[in-house]
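Student: I've got this one open on my screen and I'd like to know where the labels come from. Can you take me through them?

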Amino acid sequence: MNEIEIIVEPSFSAEQSNIAKDKYVFSYDIIIRNNSDEVITLRNRHWRITDAHGEVEKVSGVGVVGEQPVLYPGEDYYYSSGAHLNTPWGCMEGSYEFEDSYGERFSVPIPKFDLRADVVVH
């Protein structure tokens with residue numbers, strides 16, 4: 001179902017990071033837009049977080065930020081979350097699993113996005 005739009009806006013959280021200890025904190029805002037004619041429920045999330053060394057962390061779970069939002073046709077759902085890296089840059093990508101009103105489940109990819117710290121490494 002390609003009628004579900006995922007918009008991601010990542011940012012670096014300098015105040016929560018500790019560059020001297022290689023702890024980089026990133027936040028991201030996500031908008032999930034239901035452009036379909038169906039009522040959908042977000043059931044699960046699957047993330048692949050890759051740091052600058054190529055180390056991969058996989059994260060899966062029920063819903064997002066403790067919720068399983070229901071989106072009616074034309075509705076948006078907005079949430080914010082975050083990720084921690086041991087390098088000043090990396091990337092994230094993944095998928096959301098939705099369920100339609102008929103009980104059918106389908107996956108929607110979350111486009112790959114970069115996590116980049118606003119720091120200069122000497």
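Tutor: Let's go label by label, with each value set against its definition.

Tutor: First the ground rules: this is a predicted model, where local features need pLDDT of at least 70, side-chain atom pairs count only at pLDDT 80 or more, and totals for chains, interfaces and linings use all residues. Residues are numbered from 1 along each chain as its sequence is written, and side-chain values use heavy atoms, with hydrogens and water left out.

Student: What makes up the secondary structure of the protein chain?

Tutor: Zero helices and eight strands. Helices (H or I, at least four residues) and strands (E, at least two) are DSSP runs, numbered from the N terminus. Reading from that end, the elements go β-β-β-β-β-β-β-β. The C-alpha atoms fill a box of roughly 55 × 25 × 20 Å along the principal axes.

Student: Why is Ser36 called buried or exposed?

Tutor: Buried means under 20% relative accessible area, exposed over 50%, and partly exposed in between (1.4 Å probe, protein chains only). Ser36 has 2% relative accessibility, so it counts as buried. You'll find Ser36 in the loop between strand S2 (24-34) and strand S3 (40-51). Thr41, in strand S3, has 12%, so Thr41 counts as buried too. Across the chain, buried residues make up 38% of the 122 residues.

Student: How do you know that the side chain of Ser36 makes a polar contact with the side chain of Asn34?

Tutor: A polar contact is a pair of N or O atoms within 3.5 Å; within protein, one must be able to donate a hydrogen and the other to accept it, and residues adjacent in sequence count only if both atoms are side-chain atoms. The Ser36 and Asn34 side chains are in polar contact at 2.6 Å. The Ser36 side chain also reaches the backbone nitrogen of Glu38, at 3.1 Å.

Student: What is unusual to look for at Asp22 and Val65, and why is each called buried, exposed or partly exposed?

Tutor: Take the backbone angle to begin with: Asp22 has a positive phi of about 55 degrees although it is not a glycine. Asp22 lies in the loop between S1 and S2, and its relative accessible area is 39%, so Asp22 is partly exposed. Val65 is not a glycine either, and has a positive phi of about 40 degrees. Val65 is in the loop between S4 and strand S5 (70-71); with a relative accessible area of 48%, Val65 is partly exposed.

Student: How do you know that S2 and S6 pair?

Tutor: Two strands pair if DSSP finds at least two bridges between them. S2 and S6 have 10 bridges, in the antiparallel sense. One place to look is Val25, whose bridge partner in S6 is His84. These strands belong to an open sheet of three, in the order S1-S2-S6, with antiparallel pairing. Its edge strands are strand S1 (4-12) and S6, since each pairs on one side only. From one strand to the next, the twist averages 20 degrees.

Student: What makes S7 and S8 a pair?

Tutor: Strand S7 (residues 89-100) and strand S8 (residues 105-116) are joined by 10 bridges and run antiparallel. Phe98 has Phe106 as its bridge partner in S8, and Met92 stands opposite Phe113. The two strands form a hairpin with four residues between them, and Gly103 in the turn has a positive phi of about 85 degrees. S7 also pairs with S3, antiparallel and over 11 bridges; there Leu42 stands opposite Phe98.

Student: What makes something a pocket rather than a cavity?

Tutor: On a 1 Å grid over the protein atoms alone, a cavity is a set of points where a 1.4 Å probe fits but cannot get out, while a pocket is an open set with protein on both sides within 12 Å along at least five of seven lines; lining residues have an atom within 4 Å of a point. The largest pocket holds about 160 Å³ of space, where a volume is the space filled by probe spheres set on the points, and points are joined across faces, edges and corners. It has 14 lining residues, and the closest to its centre are Tyr28, Trp47, Val59, Ser81 and Gly82. S3, strand S4 (56-62) and strand S6 (76-85) are the elements that give two or more residues to the lining.

Student: Which element gives the largest share of that lining?

Tutor: S6, with five residues.

Conventions
Axes fitted to C-alpha atoms, helices over the stretch in contact; angles between N-to-C directions.
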